[in-house]
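Visitor: Could you take me through the cysteines and the salt bridges of this model, with a close look at the part around helix α3? I would like one connected account, please.

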Amino acid sequence: MDTPTPKRIWWARPRKLCALERPGGGGRSHRPERRAAEIEYLRASGVRLVISTMATRHNLADYDAEGLDWHHVPVPGWAEAERALDELLPLLRRELKKRGAVAIHGNRRTDFVAAVCAAHLHDARGLDPADGLAAAAEAGLTVSEEAAVLLGVPYGDLVQPRSAMAASTSSGLSVTT
């Protein structure tokens with residue numbers, strides 16, 4: 001595949017479900033040329049549906065122009081996160097039975113979409129949500145205390161110790177803190 005991989009992306013289920021920062025980058029760092037390249041990456045990777053959790057409707061017209069289906073579930077803050085998670089898990093259950101992949105993104109912050117994918121992995125595959133969040137963090141997504149609380153995961157035990165242990169076991173290097 002010639003298109004560059006987005007900077008922060010986690011394929012929670014390879015070729016089926018990914019979480020990422022808004023294609024093109026979030027907030028003031030957004031670049032239209034990067035957006036086009038990252039949307040092309042999604043299409044080339046088999047993504048057929050993009051779920052946006054941004055409070056705004058940015059990028060939706062670009063998905064239309066590229067022939068991608070989209071679903072918009074605005075999540076302006078953590079107060080709405082539980083409601084949105086309750087909406088998104090059944091949607092993912094349905095959509096992931098179909099051919100093709102699903103991408104879910106926020107704006108700049110990726111903690112909520114990491115939590116959604118970790119919750120899906122728990123729901124569909126029985127994976128411990130803490131392990132899902134740790135995998136998201138290792139892939140470069142932000143995992144915040146709010147994301148951990150949403151999934152009932154103790155944040156203090158999550159990111160640093162698990163990431164350090166995973167790095168030491170997967171690379172064969174010892175990690176000191």
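Guide: Happily, and let us begin with a definition: a disulfide is a pair of cysteine sulfur atoms within 2.5 Å. The model is predicted, so local features need pLDDT of at least 70 and side-chain atom pairs count only at pLDDT 80 or more, while totals for chains, interfaces and linings use all residues. Residues are numbered from 1 along each chain as its sequence is written, and side-chain values use heavy atoms, with hydrogens and water left out.

By the disulfide rule, the count is zero. The cysteine sulfur closest to that of C117 belongs to C18, and at 7.5 Å it is too far away for a bond. Seen from C18, the closest cysteine sulfur is that of C117, again at 7.5 Å. For accessibility, buried means under 20% relative accessible area, exposed over 50%, and partly exposed in between (1.4 Å probe, protein chains only). C18 is buried at 0%, and C117 is buried at 0% too.

Now to the salt bridges. A salt bridge here is a side-chain nitrogen of Lys or Arg within 4 Å of a carboxyl oxygen of Asp or Glu, and the structure holds 11 of them. One of these pairs E95 with R48, with 2.8 Å between the closest N and O atoms. This pair links distant parts of the chain, since E95 sits in helix α3 (residues 81-95) and R48 in strand β3 (residues 47-52), 47 residues apart. Helices (H or I, at least four residues) and strands (E, at least two) are DSSP runs, numbered from the N terminus. Both partners, E95 and R48, are buried, with E95 at 12% relative accessibility.

E95 also forms a salt bridge with K98, where the closest N and O atoms are 3.2 Å apart. K98 is partly exposed, at 42% relative accessible area.

Helix α3 has another contact of this kind: the side chains of R93 and D123 meet in a salt bridge, 2.8 Å from N to O. Because R93 lies in helix α3 and D123 in helix α4 (residues 111-125), this pair ties together parts that are 30 residues apart in sequence. R93 is partly exposed at 40% relative accessibility, and D123 is partly exposed as well, at 39%.

To round off the tour, here is a strand to look at. In strand β1 (residues 9-13), four of the five residues are buried, so β1 is largely enclosed by the rest of the structure.
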